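User: I am new to this structure and would like to understand the terms applied to it. Please show what each term rests on.

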Amino acid sequence: MSGAEGKRVCAVTGPGGFVGGYLMPVLAARGWQTLPMGRAAADFSDPEALAGWLARHGVTDIVHLAAESNPAGGDTRAFYETNAFLTERLLQAAATAGLPGRFLLVSATSVYGDSGAAPQREDDPKQPPNHYGASKLLAEVIAGWYRDRLDITIARPSNCMGAGQNPRYLVPKLVRAFAERAPEIAMGDTAIARDFVDIRDAADILAHALEAPARSLEAINVSSGRATPIAEILDTLTRLSGHAPEIRRDERFIRKGDMRFQACDTVRARRLGHVPRHDLANTLGWMLGAATRSVPEPVERRLP
């Protein structure tokens, strides 16, 4: 059934990514017709072509997940091309097509930078510490230019984690190392504390945000509300796995621009009806079980 026939049709960019892979089944279970909008399906270089694609498929809502977080060769320009300028072309297309529902722009909590003792709220100052966060903030600024024509909500996930996540990210790398009983892990500063959120909880918050009343939600954190030190993740994995590798500090893995402490406020998510269901031990146990059952790849001994 198309949008014209009464059912809301949500196009999801980045459908093959980690978040998209969990969000799309959640939306389908809530009665949405979901439409993968990857590069093979749509021409993201041409706003007019994108507008035609949206109209032909009867798209009523968009969840824009497609993003660049690890550009090849460390080319920082790729952050801005994908995270900001591709987003602008999609906004242009949605406005041209007269998108009747919500444009859910998935940004990141990196736009805030380090937090103080109090969890960061959606209207707190933005001080991104690196090009990734800056490119996401630029996309948010550009989105603001379209609020008169589109119902835009900005969702800011913190550090999502879960089974099936790309092992280039810290937590799945650690999980894989523990699953493979690595004798030693070289790391940077384990005192760094971040807001880690289970991908299943993140998908639930995103679904609630998509379904919020029209023009009622400018921005929402997709977070756990708690800053978790890396050392606590290591201790939890040791307890769950029964394996205690040597943790060796390596200064090479301390990166300039890394945030040292972040926790994000979850009041808006809870007001929408989100109930967190997965604590740190539950999430890491799920990831560890999945990694243990999978065919192991050679473990990377050095972790950023």
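The exchange below takes the terms one at a time.

User: How do you know how much confidence the model deserves?

Analyst: This is a predicted model, in which local features need pLDDT of at least 70 and side-chain atom pairs count only at pLDDT 80 or more, while totals for chains, interfaces and linings use all residues. Residues are numbered from 1 along each chain as its sequence is written, and side-chain values use heavy atoms, with hydrogens and water left out. The pLDDT is the predictor's confidence in each residue, from 0 to 100. On that scale the protein chain averages 93, and 95% of the residues score at least 70. Over residues 295-304, however, pLDDT stays under 50.

User: What makes Val 9 count as buried?

Analyst: Buried means under 20% relative accessible area, exposed means over 50%, and partly exposed lies in between (1.4 Å probe, protein chains only). Val 9 has 0% relative accessibility, so Val 9 counts as buried. This residue lies in strand β1; helices (H or I, at least four residues) and strands (E, at least two) are DSSP runs, numbered from the N terminus. Although Val 9 and His 57 are 48 residues apart in sequence, their C-alpha atoms are 8.2 Å apart in space.

User: What makes the strands β2, β1, β3, β4, β5 and β9 an open sheet, and which strands are at its edges?

Analyst: Two strands pair if DSSP finds at least two bridges between them. The order is β2-β1-β3-β4-β5-β9, with parallel pairing. The edge strands, β2 (33-37) and β9 (219-222), each pair on one side only. Neighbouring strands are turned by 20° against each other on average, direction ignored; axes are lines fitted to C-alpha atoms, for helices over the stretch in contact, and angles run from 0 to 180 degrees between N-to-C directions.

User: How do you know that β3 and β4 pair?

Analyst: Strands β3 (residues 61-64) and β4 (residues 102-106) share 3 bridges in the parallel sense. Ile 62 has Phe 103 as its bridge partner in β4, and His 64 has Leu 105.

User: Why is β4 described as covered on both faces?

Analyst: In a regular strand the side chains alternate between the two faces of the sheet. Arg 102, Leu 104 and Val 106 on one side of β4 are buried, as are Phe 103 and Leu 105 on the other. In total, 5 of the 5 residues of β4 are buried.

User: What makes a group of residues a nonpolar core?

Analyst: A nonpolar core is a set of buried Ala, Val, Leu, Ile, Met, Phe, Trp, Tyr and Cys residues joined through side-chain atoms within 4.5 Å. The largest one has 28 residues, of which Met 37, Ile 62 and Phe 103 touch the most other members. Helix α3 gives the largest share, 6 residues. A second, separate core of 27 residues includes Cys 10, Leu 23, Met 24 and Leu 206.

User: How do you know that α4 has the length expected of a helix?

Analyst: The expected span is 1.5 Å times one less than the number of residues. The 14 residues of α4 should span 20 Å, and its end C-alpha atoms are 20 Å apart, which agrees.

User: Is Glu 140, in helix α4, buried or exposed, and what does Glu 140 touch?

Analyst: With a relative accessible area of 9%, Glu 140 is buried. Contact means heavy atoms within 4.5 Å. Leaving out residues up to four places away in sequence, Glu 140 touches Leu 105, Ser 107, Val 111, Ile 154 and Arg 156. The cover over the buried residues of α4 includes α3, β4 and β5.

User: Why is α5 called largely enclosed?

Analyst: Of the 10 residues of helix α5 (residues 170-179), 8 are buried, so the helix is largely enclosed by the rest of the structure. The buried residues include Val 171, Leu 174 and Phe 178. Among the elements that cover them are β7 (184-187), α7 (230-241) and α9 (280-293).

User: What makes β6 and β10 edge strands?

Analyst: The open sheet of 3 strands has the order β6-β8-β10, with mixed pairing. Both β6 and β10 (227-229) have a single partner strand, so one side of each is left without a neighbour in the sheet. The pairing of β6 and β8 is parallel and runs over 3 bridges.
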